[in-house]
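Hi everyone, thanks for coming. I'd like to walk you through one structure today, so have a look at it while I talk.

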Amino acid sequence: MGFDFSASYDELNPADDDHRFYERLALAHGARDAVDLGCGTGSLARRWAGHGLRVHAVDPDPAMIRVAAGRGDVAGRVTWTVGYSDVLATGSADLVVMTGHVAQVFVEDVAWSAVLADAGRALRLGGLLAFESRHPQARAWEGWTRAATLRIVETGEGPVEFWHETVEVDLPRVAYDTFTRDLATGEVVANRDVLAFRSPEAIAASLAAAGFAVDRLHGSWDGAPVTPRSVELIVCATRLHR
Ligand SMILES: C[S@@+](CC[C@H](N)C(=O)[O-])C[C@H]1O[C@@H](n2cnc3c(N)ncnc32)[C@H](O)[C@@H]1O
């Protein structure tokens, strides 16, 4: 039996300042309809629903949606969908969020532009798109070594080692492997992913081309501006036109 990432996702990635930031954003914006794109196990979607928002939570990974839906939908206010951004309904959302660095999975510019177009289509005029991307200046990939990232994860089938290793840096692309090692059998499995580390300028240009105006750009979850030491680029952009 392989490692079930969706079952261990919350242990490996506990909801934290990022979800609290998007919770505050939804409330400050008066959002009633929100989209959680790349919702994973759905903790942000449930958090929003707890405040009375209607939420469309979308993720292409059926295992993630299974875990998310299994935790409930907070009074029927969350709709869980297995799919990509093209499943979003037109024009009704007040807020679309991609968190957990989902924005970085769109490596090709054409894929990134398509997601921005779909988010724009899903939003009413004046609606907000918000997401974060790791700031390339912080060079997060340099910390993706076995020594720095090794965790032991308890699974239903015993403990498993879990770690990341950067494979190749060719900015804006960074390829890295995620390893798991079953401590009972010694079996090692590697899974390669590639992320885009877009610059602030590239993000701003792509948003402008998709019909968004950047309202706010933060460098950390406390809402501070971007500085030369910022680790995150947290973007809030308004849908201007169709
Ligand atoms: C690191 S998880 C983040 C999950 C959740 N947003 C959170 O904050 O915990 C990344 C998620 O992005 C999803 N994902 C991968 N490719 C995607 C795509 N093309 N469109 C939308 N989501 C995608 C994955 O299935 C995964 O659930």
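Before anything else, a word on naming: helices and strands here are DSSP runs, numbered from the N terminus, and a helix has at least four residues. With that in hand, here's a small detail: Gly211 comes just after helix H7 and takes a positive phi of about 90°. Oh, and please keep in mind that this is a predicted model.

Let's stay with H7 for a moment, which covers residues 200-209. Which of its residues are buried? Those include Ile203, Ser206 and Leu207. These three cover an arc of only 100° around the axis, so they end up on the same side of H7. Turn to the face pointing away from that buried side, and you meet the exposed residues Glu201, Ala208 and Ala209. And what covers the buried residues? H5, E5, E10 and E11 are among the elements that do.

Okay, on to aromatic rings. A pair of rings is described by how far apart the centres are and by the angle of the planes. Searching the whole structure turns up nine aromatic pairs. One of them is Tyr22 with Trp221, an edge-to-face pair at 5.6 Å centre to centre, with 70° between the planes. Where do these two sit in the chain? Tyr22 is in helix H2, residues 17-28, while Trp221 is in the loop between strand E10 (212-218) and strand E11 (232-239). That's 199 residues apart, so this pair links distant parts of the chain. Both Tyr22 and Trp221 are buried.

Here's another edge-to-face pair: Trp112 and Phe131, with 5.3 Å between centres and 85° between the planes. Trp112 belongs to helix H5 (residues 109-122) and Phe131 to strand E5 (residues 123-134), so the pair ties together parts 19 residues apart in sequence. Trp112 and Phe131 are both buried as well.

There's also a cluster to find on your screen: Trp141, Trp144, Tyr176 and Phe197 form one aromatic cluster. And two arginines put their charged ends over rings. The end of Arg146 sits over Trp163, 4.4 Å from the ring centre, and that of Arg239 sits over Phe212, 5.5 Å from the ring centre.

Now the sheet. In general, strands in a sheet pair through backbone hydrogen bonds, parallel or antiparallel. Ours is an open sheet of four strands, in the order E6-E7-E8-E9, and the pairing is antiparallel. Which strands are at the edges? Strand E6 (151-155) and strand E9 (188-196), each of which pairs on one side only. On average, neighbouring strands are turned by 30° against each other, ignoring direction. Between strand E7 (residues 158-170) and strand E8 (residues 173-182) there are ten bridges. If you want a spot to zoom in on, His164 stands opposite Thr178 in E8. Helix H1, residues 5-12, packs on this sheet and touches E6 and E7, its direction making about 130° with that of E6.

Last stop: Gln104, in the loop between strand E4 (93-98) and H5. Is Gln104 buried or exposed? Its relative accessibility is 0%, so Gln104 counts as buried. What does Gln104 touch? Leaving out residues up to four places away in sequence, the contacts are Ser133, Arg134, Val194, Leu195, Ala196 and Phe197. You've met Phe197 already, in the aromatic cluster.

Note on methods: Residues are numbered from 1 along each chain as its sequence is written. This is a predicted model: local features need pLDDT of at least 70, side-chain atom pairs count only at pLDDT 80 or more; totals for chains, interfaces and linings use all residues. Side-chain values use heavy atoms; hydrogens and water are left out. Rings of Phe, Tyr and Trp (its six-membered ring) pair if their centres lie within 6.5 Å; planes under 30 degrees apart count as stacked, over 60 as edge-to-face and the rest as tilted. Helices (H or I, at least four residues) and strands (E, at least two) are DSSP runs, numbered from the N terminus. Buried means under 20% relative accessible area, exposed over 50%, partly exposed in between (1.4 Å probe, protein chains only). A charge sits over a ring if NZ of Lys or CZ of Arg is within 6 Å of the ring centre and within 35 degrees of the ring normal. The arc is that of the directions from the helix axis to the C-beta atoms. Contact means heavy atoms within 4.5 Å. Two strands pair if DSSP finds at least two bridges between them. Axes are lines fitted to C-alpha atoms, for helices over the stretch in contact, and angles run from 0 to 180 degrees between N-to-C directions.
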